[in-house]
Amino acid sequence: MSSDTSPSAVRDYGTPRVPPPLAIEARGIRHNNLVDLDVDLPLNRVVVITGVSGSGKSSLAMGTLFAEGRQRFLEGLSTFSRRRISQAQRPDVDLIAHLPAALALRQRPPVPGPRSTVGTMSSVFNALRLSMSRLGSHQCPNGHTVAAGVHNFSEEMDCPTCGVRFMVPGAESFAFNSEGACPQCAGVGERFEVKVDRLIPDPSLTIEGGAVLPWNVGGMRLSRFAVAQLGVRTDVPWSELTAQERDIVFHGEPVVRRVQVAERAGKPVNLNVNYENAIAAVERQARSDNAGTRKRQEQFLDWDTCSLCHGSRLRPEALTSTLDGMNLADINAFTLEALGQFVRRISPNAPAELRKPADTLARETLNLIDPLVQLGLGYLSLDRAGSTLSTGERQRLELTSTVQANTTGMLYVLDEPSVGLHPSNVVGLIATIRSLVDGGNSVVMVEHDVDVITEADWIVELGPGAGSGGGRIIAQGTPEQVRSDAASIIGPFLSGGAAVERTRRPIDGEQVAMHVADLHNLHDVSLQFPTGALTAVAGPSGAGKTALILESLIPGIKAALDGVKPPAHITHLETPGIRALAEIDATPIGSNSRSTPATYSGVHDAIRAVFAAAPLSKERGWGATQFSYNTKQGQCPVCTGLGYLDFDAQYLPDIRETCPECHGTRYAHEVLEVTVDGLTIADVLSLTVHDALDRLATWPGVERPLRPIDDVGLGYLRLGEATPSLSGGEAQRLRIATRLRTSQKGVLYVFDEPSTGLHPLDVRTLVSVFDRLIDDGATVVVIDHDLDVLAAADYLIDMGPVGGPEGGQIVAQGRPDDVARDPMSTTGRFLLAHLARSGDVPITGITES
């Protein structure tokens, strides 16, 4: 018998006492538009939840499974730990059985802090720091180089040239987040200068009136009161202050002052305030880990590369060590793909005595690099700042880090992992997701990409419509079963029978033309596309789409419209017939629940005016302000117009309850005494856009803002629902709807991945919206990966052939069927296969006009 009793050596573990559960069993889910939903989801499988926009996918995946799974995970932590973790409200559900602890990868990962890079986010830089310490050549205090050897694994080494004994640099010595940080820029690689003149944009204002711009946000407002205690007059215009008073505002020492401020109810309160001068406040917030806080300070700053580390982020001593003849700054500048080639050279070039540890370190580093390259991120350089990455790039880095954690028994909930992914990288994505299941985990993901859905083990399709018309399971089973299910909406797309139908526009008219001399990986690139048509720009991640369209075309058009010189990298620009520019992206609309389709579209004003004209309102002397939940006159005094209350339950999750005073209506009782056509204003806000157009047809000012929202396929949205919760695709269409009310003649629309979050059926609606804009005189340019969008375009520009330094070229352009057959086009071969699946090449259902 073998003496090896490790688990890997024992092959017969015996029969389980109880058979393991086969599925997550959920009963009676009540969340958003899910009403008493029952569903079983197979464990240890890849499960896709799909359906049209608004059908309830995220409510099931994120709002129910992840919320409950994460809570169960947190319940295993100590009370002390749980009090320091933000916890969401538990979902309303009768039963969820056999649910593993859950982790989520969201569609919009947070923007990392200023010291985060591709290297730190992927952990590759950590592996390189260790390799530099253990395998590198180091410099002694007298400047002599000590070649790598076994002494690298000791705490100290002797210099063979001068005999001095010194400490071996450890991995932390090469970390720009700790010991290795450049002392001048603190590891950021850049230095900023606060421009004092920008802090006081209007010298005619007083400090009390907001003259000092950085003191107008949040807790910094208290500095206005503290500075008055330091002898600065706050009630006279800035222009009349003395030089000494201004110096206190800009350079005053940090001191504590007792001040008196008024509460919201008007009662005076005494506070101890830490005074922070305006420049110090900007500098502190510019170094914040919060992306929003840093963003607000940009207007006050000028940035430049650090003169000491030249952007490497590392202290000079850290750059004296070398690995295979290169210092860490040199290695950090490699792309991930080039870095893989470099790492593969480390072991063969290492001294014989270090060959074994070199093999181990190289293998571990490649295990971090290869999945990133497989997901199409090989073009990213290791020193690329995390804050400059796109949403899709951040999501893929997060996904890869999750896979490398080698966990088992977890539930991973993924929110559209294919977002921002070129078709050439979908295979790598599927392999990465499959590896999670192979490791003993379960995966549930919200997804619309047909290729990803086809590779799932199990599909749950919600619908048939959105909002109250959805929230039900209309089909479920294996891809083969769903494909043949007559009730399925996604089924025809899985079988290749559905396609976007569209009449092509002519492309031989006037052309927008631009030449970019040098920007990022663009070098002497000439762009042209037809006006009065739909142009799609495609290509792998990092191919230069953003640089060409968002960083060149848009600033160039803006400059032309303003009558000023375009950016220096644009050497030629022709914009015939372009009279306006509209940028439409997928960022959330609004920052809190007070932003709704009613407020965003402006229809709330018209509705309030109708209620203000009601007889009871006139009798009470009320105006439109009384019917706003954002004012003291109209809002519920208990929840201040939110419609809910959050209760701090200490170490338990905050408990969100419907406001007991207004029962979620947001309004004060007396406001709801006013009715029009039998409806209170709360009743009106609970209507969907589609229903409001029917019920409020005779109300003045209602149809004009709401009709376009219905036309773009968002009729299912309730007037009073929070806009920050909308998907990226919904946010884009809502932005379009607000512009449909004005003339489109001569408007150039630029969309950044408009298919984000859209079901293939919703893509049809999106394309019809593009046609409506073009019919009214607009020109439309979209950056996208969706093959339905690309196939439906009048003109297609494909960039590549790959991402990074070897990209940045227009490799093919013309009609989509021309690009599909171009051997130089990376996108083309996927587009050709897509068209062939639809049963008709070149373009299914599209005819020449």
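Me: In this predicted model, what makes arginine 313 a residue that lies over the face of phenylalanine 176?

Reply: Arginine 313 is placed 5.3 Å from the centre of the ring of phenylalanine 176 and lies over its face, and since a charge over a ring has to be within 6 Å of the ring centre, that distance satisfies the limit.

Me: Which ring has the charged end of arginine 666 over it, and at what distance from the centre?

Reply: The ring is that of tyrosine 629, and the charged end of arginine 666 sits 4.4 Å from its centre, a value that again falls within the 6 Å that the term allows.

Me: How many aromatic pairs does a search of the whole structure find, and why is the pair of phenylalanine 611 and tryptophan 699 given its particular geometry?

Reply: The search of the whole structure finds 11 aromatic pairs. In the pair of phenylalanine 611 and tryptophan 699, the ring centres are 5.7 Å apart and the planes meet at 75°; the distance is within the 6.5 Å that defines a pair, and the angle is over 60 degrees, so the pair is called edge-to-face.

Me: What makes this pair a tie between separate parts of the chain?

Reply: Phenylalanine 611 belongs to helix α20 (residues 603-612), whereas tryptophan 699 is in the loop between α23 (689-695) and α24 (703-711), so the pair ties together parts that lie 88 residues apart in sequence. Both residues also belong to one aromatic cluster, formed by Phe611, Trp622, Phe627 and Trp699.

Me: Are these two partners buried or exposed, and how do you know that?

Reply: Phenylalanine 611 has a relative accessibility of 0% and tryptophan 699 a relative accessible area of 5%; the term buried asks for a value under 20%, so both residues are counted as buried.

Me: Why is the pair of tyrosine 629 and tyrosine 667 classed as it is?

Reply: The two rings are 5.9 Å apart from centre to centre, with 70° between their planes, and because the cut-offs are 6.5 Å for a pair and over 60 degrees for the edge-to-face class, the pair is edge-to-face. Tyrosine 629 is in the loop between α21 (615-620) and β24 (644-647), and tyrosine 667 in the loop between β25 (655-658) and α22 (681-685), which puts the partners 38 residues apart and lets the pair link distant parts of the chain. Both tyrosine 629 and tyrosine 667 are buried.

Me: What marks the peptide bonds before proline 464 and proline 801?

Reply: Glycine 463 and proline 464 are joined by a cis peptide bond, with omega at about 0°, and proline 464 lies in the loop between β16 (458-463) and β17 (472-477). A cis peptide bond also joins glycine 800 and proline 801, where omega is about 5°, and proline 801 is in the loop between β28 (795-800) and β29 (809-814).

Me: What is notable about the phi of histidine 520, and why does this residue count as exposed?

Reply: Phi of histidine 520 is near 55°, a positive value in a residue other than glycine, and the residue is found in the loop between β19 (511-519) and β20 (522-530). Its relative accessibility is 57%, and since exposed means over 50%, the term applies.

Me: Where does histidine 663 lie, and why is it called exposed?

Reply: Histidine 663 is in the loop between β25 and α22, and its phi is likewise a positive value near 55°. At 60% relative accessibility histidine 663 passes the 50% limit, so it is exposed.

Me: How many cavities of 30 Å³ or more does the structure hold, and what surrounds the largest?

Reply: There are three such cavities, and the largest has a volume of about 500 Å³. Its lining comprises 30 residues, with His448, Asp449, Val450, Asp786 and Leu787 nearest the centre, and these 30 divide into 10 nonpolar, 11 polar and nine charged. The helices α15 (450-454), α27 (787-792) and α29 (826-837) each supply at least two residues of the lining.

Me: Why does serine 488 count as buried, and what does its side chain reach?

Reply: The relative accessible area of serine 488 is 7%, which is under 20%, so the residue is buried. Its side chain reaches the backbone nitrogen of glycine 491 at 2.9 Å, a distance within the 3.5 Å set for a polar contact.

Definitions and conventions
Residues are numbered from 1 along each chain as its sequence is written. This is a predicted model: local features need pLDDT of at least 70, side-chain atom pairs count only at pLDDT 80 or more; totals for chains, interfaces and linings use all residues. Side-chain values use heavy atoms; hydrogens and water are left out. Rings of Phe, Tyr and Trp (its six-membered ring) pair if their centres lie within 6.5 Å; planes under 30 degrees apart count as stacked, over 60 as edge-to-face and the rest as tilted. Helices (H or I, at least four residues) and strands (E, at least two) are DSSP runs, numbered from the N terminus. Buried means under 20% relative accessible area, exposed over 50%, partly exposed in between (1.4 Å probe, protein chains only). A charge sits over a ring if NZ of Lys or CZ of Arg is within 6 Å of the ring centre and within 35 degrees of the ring normal. On a 1 Å grid over the protein atoms alone, a cavity is a set of points where a 1.4 Å probe fits but cannot get out, and a pocket is an open set with protein on both sides within 12 Å along at least five of seven lines; lining residues have an atom within 4 Å of a point. Grid points are joined across faces, edges and corners, and a volume is the space filled by probe spheres set on the points. Ala, Val, Leu, Ile, Met, Phe, Trp, Tyr, Cys and Pro count as nonpolar, Asp, Glu, Lys and Arg as charged, and the others, Gly among them, as polar. A polar contact is a pair of N or O atoms within 3.5 Å; within protein, one must be able to donate a hydrogen and the other to accept it, and residues adjacent in sequence count only if both atoms are side-chain atoms.
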